[in-house]
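Subject: Structure handover

Hello,

Here is the structure I said I would pass on. Please look through it before reading the notes underneath.

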Amino acid sequence: MYIFSYKYSKYFNTLSDKPMFAEPIPNVTVALGRDVNLPCVIENLGTYKVVWIHVGRQMLVSVHKHVVTKIPRFSVSNDNHKTWLLHIRSVERNDRGYYMCQVNTEPMMSQVGFLEVVVPPNILDSMSTSSTVAVREHQNVTLTCKAEGYPTPKLKWKREDNQGILVDRRTKVNTYEGKQLNLTKITRSEMGVYLCIASNGVPPTVSKRIIVDVEFLPMIWVPNQLVGAPAGTNVTIDCHTEAHPRAISYWMFNNSMVLSSDKYSADIKENSYRTQMRLTIKNLQPGDFGNYRCISKNSLGETEGSIRLYEFLKPSVPPKATEIKSSANKEGRKSTTASPRRTTTIWPAPYTPYYPRRTERPSHRESADYEDKRGRGSSSSGSASFNTFLGSSYIIRWSAPQLMVVAVQYILTGPYIPPYVPQTAN
């Protein structure tokens with residue numbers, strides 16, 4: 001440490017009021033490369049001298065208005081002989097430390113202030129993973145990122161597309177902190193851009209982009225392997241492929257590559273490692289039907305899908321409905337519309353092929369009349385017949401003329417329902 005004293009100076013004058021510091025030197029924080037001023041405020045300085053010293057480096061910076069150090073970035077100035085400023089331009093890291101302001105009194109008086117030099121984060125590319133990484137699917141890969149700065153920067157990882165990061169194949173997180181990011185058994189869904197972000201509270205925050213390419217053999221998915229269309233129309237068939245590195249995709253028909261023309265229109269849409277292949281065949285002819293193959297090939301291998309295109313006939317036009325007029329209308333008589341059929345209920349009963357089945361239950365009045373008639377006969381026979389009558393089926397006997405009437409009626413108007421006629425027991 002340098003202590004400046006003018007013990008035998010001819011300029012030394014004893015004053016009634018000795019110098020005193022009006023306020024302490026503040027602690028100042030400055031970013032690397034910026035300019036900074038350190039103030040030293042003294043009252044009643046008189047003819048005394050002010051000295052600036054860098055304590056950490058034991059370097060005498062200035063004596064009063066004269067800069068002693070050979071560093072041109074340092075300079076001093078004063079304001080009305082009261083405020084003495086130490087100026088440092090383009091601050092460097094080694095400028096950090098304590099600075100002492102001295103006054104050559106007896107005994108010497110001094111005070112110190114601290115200059116903090118903060119350094120924005122900086123990612124060291126030479127010690128970090130390169131900007132592009134290629135790895136085979138289901139293998140492990142480690143991403144490394146190192147940064148410098150003061151205070152020590154914190155590092156975190158995130159995906160550029162804001163998708164989650166799968167840690168240890170179990171937990172998915174939005175961000176991951178640490179110098180290294182381990183991706184185990186990586187899959188194609190984890191392919192993309194990973195960002196290493198370094199921050200320490202000193203702007204600006206910096207980041208590094210690392211592109212992770214996951215390589216795998218081409219795969220093809222065919223939505224419809226059998227497609228039918230009539231001749232003379234257009235039809236579109238499609239295949240979906242996944243491959244990385246980027247694959248070459250094309251169509252084959254009858255062992256020949258299909259090229260875009262007036263007959264064929266091929267369209268390919270790519271999204272990351274996914275590709276959709278579409279082929280439109282125009283004005284189908286008999287020679288256009290057969291087996292089409294979609295092929296995808298990259299540096300790791302190739303695969304193909306098959307689609308069979310067959311012909312089917314157009315549906316025929318249904319015949320038009322025609323109006324049928326009865327002979328009665330031809331004779332000039334008024335046509336009569338058939339009355340709507342009466343809703344009937346078929347009651348369950350044992351099937352009897354020899355007699356017709358009546359399709360409606362007799363009314364209550366008919367049941368009472370029949371019971372009264374049967375009551376005048378033998379009690380045992382009447383009871384049995386009445387019980388039979390109350391069942392869900394009963395016997396109706398037809399004569400030959402009745403059968404003829406029924407047949408004619410059925411042809412003209414539909415089913416014939418005869419009136420109920422109670423039968424006497426034999």
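The notes below go from the whole chain to its sheets, and then to single residues.

This is a predicted model, in which local features need pLDDT of at least 70 and side-chain atom pairs count only at pLDDT 80 or more, while totals for chains, interfaces and linings use all residues. Residues are numbered from 1 along each chain as its sequence is written, and side-chain values use heavy atoms, with hydrogens and water left out.

Overall picture

The protein has four helices and 28 strands. Helices (H or I, at least four residues) and strands (E, at least two) are DSSP runs, numbered from the N terminus. Of the 426 residues, 34% count as buried. Buried means under 20% relative accessible area, exposed means over 50%, and partly exposed lies in between (1.4 Å probe, protein chains only). About 27,500 Å² of the protein is exposed, and carbon and sulfur atoms supply 52% of that area. Accessible areas come from the Shrake-Rupley method with a 1.4 Å probe, and for residues only the protein chains shown count as cover. Among contacts with a separation of 6 or more, 61% are between residues 24 or more positions apart. Contact means heavy atoms within 4.5 Å.

Sheets

Strands of a sheet pair through backbone hydrogen bonds, either parallel or antiparallel. Here two strands pair if DSSP finds at least two bridges between them.

One open sheet has four strands in the order β1-β3-β8-β7, with antiparallel pairing. β1 (20–23) and β7 (74–79) are at the edges with a single partner strand each, so one side of each has no neighbour in the sheet. Inside this sheet, β3 (residues 36–43) and β8 (residues 83–88) pair in the antiparallel sense over six bridges, and Val 41 stands opposite Thr 83 in β8.

An open sheet of five strands has the order β21-β28-β27-β23-β24, and its pairing is mixed. Its edges are β21 (226–229) and β24 (256–257), each with a single partner strand, so one side of each is left without a neighbour in the sheet. β27 (residues 290–298) and β28 are antiparallel partners over nine bridges. Cys 294 stands opposite Gly 305 in β28.

Which strand is largely enclosed by the rest of the structure? Strand β22 (residues 235–244) is, because seven of its 10 residues are buried. β22 pairs in the antiparallel sense with β20 (residues 206–221) over four bridges, and with β26 (residues 274–281) over eight bridges. Met 219 stands opposite Glu 242 in β22, while the bridge partner of His 240 in β26 is Gln 276.

Buried residues

Arg 188 sits in the loop between β18 (180–183) and β19 (192–199). Arg 188 is buried, with a relative accessible area of 13%. Leaving out residues up to four places away in sequence, Arg 188 touches six residues, including Met 219 and Glu 242.

His 54, in strand β4 (residues 50–54), is buried at 1% relative accessibility. With residues up to four places away in sequence not counted, the residues that His 54 touches include Asp 95 and Arg 96. His 54 and Arg 96 are 42 residues apart in sequence and 9.2 Å apart in space, C-alpha to C-alpha.

Salt bridges

The structure holds 17 salt bridges. A salt bridge is a side-chain nitrogen of Lys or Arg within 4 Å of a carboxyl oxygen of Asp or Glu. Asp 95 forms one with Arg 73, with the closest N and O atoms 2.8 Å apart. Asp 95 lies in the loop between β8 and β9 and Arg 73 in the loop between β6 and β7, so the pair ties together parts that are 22 residues apart in sequence. Asp 95 is buried at 0% relative accessibility, and Arg 73 is buried at 12%.

Glu 116 and Arg 96 also meet in a salt bridge (2.6 Å, N to O). Glu 116 is in strand β10 (residues 109–123) and Arg 96 in the loop between β8 and β9, 20 residues apart. Glu 116 is buried, with a relative accessible area of 17%, whereas Arg 96 is partly exposed at 35%. Salt bridges that share partners join Arg 57, Arg 73, Glu 92 and Asp 95 into one network.

Regards
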